Amino acid sequence: MNPIAHQKWLSTLLLALSCLMSGLVNANSLRIAYDADPVSLDPYEQLSGGSMQQAHLLYDPLLRWTTNHQLEGRLAPSWQRLDNFTVRFNLRHGVKFVGGNPLTALDVKWSLQRAKTSPDFKAIFQPISHARVIDTHTVDLITEQPYALLENLATQLFVMDSLFYQGFDEQNKAKDAIEKHGHSYASEHASGTGPFIVTKRQQGIEVQLKRQPNYWDHASMGNVSLINLTPIHDNATRSAALLAGDLDLIAPVAPIDHYRIKKQAGMHLFTRDGARFINIQMNQVTRPELRDLRVRQAIIYAINNKGIASKIMRGFATPAGQQSPPGYLGHLPKLQPRFDLDLAKKLMSQAGYNKGFRLTMIAPNNRYVNDAKIAQAVVIMLAKINIEVDLVTMPKAQYWQKYDQGGADLMMLGWHSDTEDSANFSEFLAMCRNAESGYGRYNGGHYCNPEVDRLVSASAKQTNSLKRAQMLQQVEQILYQDAAFVPLHWQHLAWGSRSGIDIGQVLTVGNIPYLADLVIDQP
Amino acid sequence: MNYLPQLTQRLLTGSITIMLAACVSYWILSLISPNHAAAISLDQYLNQLLHGDFGQSQFYHLPNLDLILEKLPATFELVIITSLIVALLALPLGLYTAIEPQQRVARAVMAFSLLGISLPMFLTGTLMVYLFAVQLNWLPAFGRGEIVWLGSWPSGLFTVSGWQHIVMPATAVSLTLLPLFLRLIRAELIQVMHSNPVRLAQAMGITPWRIWLRYGLRNATLPMITMASLQFGTLMAYTMVAETLFQWPGVGSLFMQGIIRGDGPLIAAYLVLVSIMFLLFNSLTDLAYGLFNPHLAPWRQHTPFIGQDTP
């Protein structure tokens, strides 16, 4: 080969390569890093924020929350409440699953039945007794009791391809089996109607998604065609990779990196109020002292949660005086954070404990933003009313086991309402513990007030939202007076991105980004 | 040349060591995942290990051995490149700083090596990310880059992006190990240079280069090999830090995640595997001794060894 021919050959190659590269750039790809990737493609295997975020990419729910917390039709563009027990959903026509099967009412019925067998989701779907198929594109969801939040549940009902998951896989296991971390067929094969399809997946290393060319939502302005998701566990590494230009979008962003990203040219930090409620449960079973209302009130008055929100959380949290964040039905604006050290001391001496006592405390150290630091601050604050606290912090893997055993006198807990509704907080954190019904499952304080139980149960059956709001607000009022737990704050949400990407357009209060609707500018 | 007794002795002590390591790993398993340890007795556990069954991860529900082997290539490549950097730099720099200790550059190298020993790796690594990835934008901040599959071995050493990705983590780890070797070589050389045989060689008019390489460096090889085998554990530990810092998808980050998730079986399996690797590496070191100094060959009977300095 003579040198000139060689050069020609090389330049042709370069040209081809550059065409290929520009093709890739034009394709509007989005490189995202999150703290951990979902263990499964199956939306019903694991109840977690990450798995819900993924479900919205691969599947569609019947309804969904808009970014300003309104219900919006997805696979069911319209729906009507027929009576206190029934809501009728009219399905979209002409929608196809990835595998090619058309969407019908049978898929909805099948998906609901399947979700009701999932260990993680059966409690959520428990109020819905069954689905009734009316015709190909009409389906009723029916509850046994009058139930106010049926539409809220429809936002979590992701419809899966019932025909695709029929039969058995190579290991002779049913394709629709739900087995936690069991590497079932459904956990590795996705057939949904969602905006993206999986092109490559290496659990723990990366997931690549491609936009579904025939996605039914033609009204969506979104222009992201390729998504590359990488789990990066270390907060500092994740932020550095964004700043270095190796990524387009990251979440979560540790408060310590906010300023850095905000001031960097070409970078954008998006924060918004969140709905995750951080609190401390006071165990009335292990400690007789904590059964005394005055002691519980003293502890609440001694903890400066405004200070925690501004100093430790660096303003990245809203201090709370109740469970329900603003905007939720049960939120009562007059229930403000309480901090009054003198009153706290007075209450302690009234209760006969001016000499104080010792308590044990546990908190996770990798679950909530600054969880261990908050716990350390609480220890110092309680020392001022002579309560000595022995604190143990641990990774979340060990924490939940310890929490379930009621392993300490004070226990930190964060809760995000599964239904985006006030009642869910009380059902899990404030109602009397009942192993059979599952109510009070995370009520680590064993607080029990029959009036709270009555009101919360009644609110579930009340379909008039004004009356419902009154009931739920009354619950908050009682919990406030009874000092059922120590409310700390509602944790905010933070996403970092390169400029040209505004995740705020598509992010819900539940921290779910609708990436299919995201409009991005070229860097 | 009867090396059978030596070999059986080595095998025996080796298996006792592994057995002890396995017992410790079972103890750790019972601390982290008590339910898991309750389901299996110690002798069952050891029996399974003997049959090559390292148990199942509590989180992934997959065999631990498969999980670790899947991530091993990434760690292996990082370790190899790190060792190469250390070996290729420690020799010439050690030689240079021993021969010209007073030169400014030599002093700078020594000062820099002191810095390398004193600064913890998570700090140097973070600073490197800040400088080379965030500020200068020369190198990628995380990950392994493009992978080429050589059979079932995913390799990052055959793509430009793979090399761009390995530079920082490998350099970060070698920065902490390099000073140890550099200083060792330097000290050995300075000592040897003042020994009688070298003085004699100098007096005989042998060229300085020949003296440095043939008499000096050769004497420094044995301590270097010793050091290498001792530092193997440090290398594994630092690799783990680097893998976390640079999101390198290797065994170390798998282990770190295992700790965070409280995955007892995975942690226990990793510990046993690492102790086996330790043992293999130490045995290889002993063999290498034999290559460089036949007196110390494990297959030889011990004979009185006359050192370089004895007349």
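Modeller: In this predicted model, a residue counts as buried if 20 or more other C-beta atoms lie within 10 Å of its own.

Biologist: Why is helix H14 of chain A described as largely enclosed by the rest of the structure?

Modeller: Helix H14(A) spans residues 422-429. Among its buried residues are Phe425(A), Glu427(A) and Leu429(A). These buried residues pack against strands S12, S16 and S17 and helices H15 and H16 of chain A. The helix is largely enclosed because the buried residues number seven of the eight.

Biologist: Which helix of chain B gives the most to the side that touches chain A?

Modeller: The contact joins 22 residues of chain B to 20 residues of chain A. Helices H6 (121-135), H9 (208-245) and H10 (251-261) of chain B each supply at least two residues to that side. With five residues, the one that gives the most is H6(B).

Biologist: How do the residues on that side of chain B divide into nonpolar, polar and charged?

Modeller: The side in question is the one by which chain B touches chain A. Its residues comprise 13 nonpolar, eight polar and one charged.

Biologist: Which helix of chain B gives the most to the largest nonpolar core?

Modeller: The largest nonpolar core has 179 residues, and Ala241(A) and Ala242(B) are among those with the most contacts inside it. Beyond its neighbours within four places in sequence, Ala241(A) is in contact with residues including Ala33(A), Ala141(B) and Phe142(B). From chain B, 13 residues of the core come from the helix that gives the most, H7 (residues 160-193).

Biologist: How many residues does the second, separate core have?

Modeller: This core includes Ala37(B), Leu49(B), Met240(B) and Ala268(B). Its number of residues is 21.

How values were computed. Residues are numbered from 1 along each chain as its sequence is written. Chains are lettered from A and ligands numbered from 1 in the order in which they are written. This is a predicted model: local features need pLDDT of at least 70, side-chain atom pairs count only at pLDDT 80 or more; totals for chains, interfaces and linings use all residues. Two residues are in contact if their C-beta atoms, placed from the backbone, lie within 7 Å. Helices (H or I, at least four residues) and strands (E, at least two) are DSSP runs, numbered from the N terminus. Ala, Val, Leu, Ile, Met, Phe, Trp, Tyr, Cys and Pro count as nonpolar, Asp, Glu, Lys and Arg as charged, and the others, Gly among them, as polar. A nonpolar core is a set of buried Ala, Val, Leu, Ile, Met, Phe, Trp, Tyr and Cys residues joined through C-beta atoms within 7 Å. A residue is buried if 20 or more other C-beta atoms lie within 10 Å of its own, exposed if 12 or fewer, and partly exposed in between; C-beta atoms are placed from the backbone.
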